[in-house]
Amino acid sequence: MRTTWTFHSAVSLVFGRGAVRQLGDIVRRLPARRVFVVTDATLTKVGVLAAVNGPLKEADVEVGVFDGGEPEPSLSVLERCVEEARKFRPDAVLGLGGGSNMDVSKGTAALLTYAGKPQDYVGDDRIPGPVMPVVCVPTTAGTGSEVTAAAVFTVPENHVKVGVLSNYLRPRVAVVDPQLTHSCPRKVTADSGIDALTHAIEAYTAVDNEEFPLPTGERSVYQGRHPLGEMCAEQAIRLIGKHLKQAVQHGDDADAREGMALAATVAGLSFSNIGVALVHALEYPLGGATHCSHGEGNGLLLPHVMRFNLPARKAEFARIAGWLGEDVRGLSEDAAAERAVAAVERLQVDIGIPQRLHDLGAKQDQLREFAEKAFTIKRILRVNPRPVTADDCEAIYRSAW
Ligand SMILES: NC(=O)c1ccc[n+]([C@@H]2O[C@H](COP(=O)([O-])OP(=O)(O)OC[C@H]3O[C@@H](n4cnc5c(N)ncnc54)[C@H](O)[C@@H]3O)[C@@H](O)[C@H]2O)c1
Ligand SMILES: [Zn+2]
């Protein structure tokens, strides 16, 4: 039984419209003079790289750029980035993009600091100590990677995704400028936004910290639900209920974009301390095989997993329904909890998340294999409020197929 809990974050968080203009100062104070920016061709094209480069150059910071980032990056993208970074000899790494580029930047900082291959650090708490300073500048409102301890990669040979988890991977500074998300296309806004909702709902309904089943001798950055993580999750859910649909349907609405940027970061603070659970465990084999985006896989599975977890977390789901804008006055707890599932299903439709696994290209005869793979991801399954078997995983996939 655990009686204390901890809360970890990026060391500093700079939030607000135009925040990137402070990047020169921020980097000089790390202190750093040579920064290696990890980004991708799309962000270069839409002018986001220029928005970051300008303030850095004005502060006389030398900038090297890797623009070979890809969505759901493989370990080989990480290796290519590290190779380029080594040539540049940076004293800080800057991740510019959605979760994909930010995760590559975090992995790059670790591999520039310690010898070895990416695979050596896959798993929970395997990075030996502090890494080169990382500054993360998110351009989606989704993963929260700018404050989290995780970096996620695809292993194409095995059709799976793997995570490197360590509090040493938390960025030194998160610079969250909602204006950078305005160029996000509708699908990216929807997928990343529902990923943030998944983070917040999985954290809010997680197993309690006192009951977190961590086997003796094992270490984990996740610790189950605790009061501060829970507060962050609640605020994230409220913000997403208010802003996600609008951000998807009217991408130029600055208030909606700002609300979602805050929600994603706060959801990241929550889940990176409490943990994510069954939705994420089920998404990893699905995403590894079908190459759907992390957000659309999660968004599709979320209501199915909520229904599975409902008996264990009725009061929580009843509150979530209200935060998502459902009128639950006068309803029984059971009926109000059901409304949370209905609210997420409606949101899925409103923002265009696919409804069925076969729409993502999953085949019915793959579902057992997915279930067996998901069942091995104990580090997140132990966060789930209801115990899960491989058969349960398969049944959930079938209900979503
Ligand atoms: N580290 C973590 O804590 C964590 C948490 C959740 C998910 N993830 C990982 O993050 C990845 C998903 O990240 P994501 O949802 O942010 O999407 P992403 O980073 O994969 O980006 C998706 C696409 O959107 C484009 N894009 C991003 N911002 C844009 C902008 N402002 N304008 C135009 N185009 C833009 C990118 O170029 C890319 O093509 C997955 O690999 C997932 O596993 C990591
Ligand atoms: Zn996620």
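Here is a friendly exchange about a predicted model and the ligand it holds.

Biologist: Happy to look at this with you; what are the ground rules?

Modeller: This is a predicted model, where local features need pLDDT of at least 70 and side-chain atom pairs count only at pLDDT 80 or more, while totals for chains, interfaces and linings use all residues. Residues are numbered from 1 along each chain as its sequence is written, chains are lettered from A and ligands numbered from 1 in the order in which they are written, and side-chain values use heavy atoms, with hydrogens and water left out.

Biologist: Thanks! How many residues surround ligand 1?

Modeller: A residue belongs to this shell if one of its heavy atoms lies within 4 Å of the ligand. S100, D103, T139, T140 and T148 are the closest. By type, the shell has 10 nonpolar residues (Ala, Val, Leu, Ile, Met, Phe, Trp, Tyr, Cys and Pro), 5 charged (Asp, Glu, Lys and Arg) and 13 polar (the others, Gly among them). The number surrounding ligand 1 is 28.

Biologist: Which residue has a backbone N or O atom 2.9 Å from a nitrogen atom of ligand 1?

Modeller: Polar contacts here are pairs of N or O atoms within 3.5 Å; within protein, one must be able to donate a hydrogen and the other to accept it, and residues adjacent in sequence count only if both atoms are side-chain atoms. The side chain of E72 lies 3.4 Å from a ligand oxygen, and that of S145 is 3.2 Å from a ligand nitrogen. The backbone partner at 2.9 Å is A150.

Biologist: Which element gives the largest share of the shell around ligand 1?

Modeller: Helices (H or I, at least four residues) and strands (E, at least two) are DSSP runs, numbered from the N terminus. Those giving two or more residues to the shell are α2 (41–45), α5 (99–113), β7 (150–155) and α6 (186–204). The largest share, 4 residues, comes from α6.

Biologist: Now H226: is it buried or exposed?

Modeller: H226 sits in the loop between α6 and α7 (227–249), and its side chain reaches the backbone oxygen of T6 at 3.0 Å. Buried means under 20% relative accessible area and exposed over 50%, with partly exposed in between (1.4 Å probe, protein chains only). Because its relative accessible area is 2%, H226 is buried.

Biologist: And why does D60 count as exposed?

Modeller: D60 is in the loop between α3 (48–58) and β3 (62–66). Its C-alpha atom is 8.0 Å from that of G24, 36 residues apart along the chain. D60 counts as exposed because its relative accessible area is 54%.
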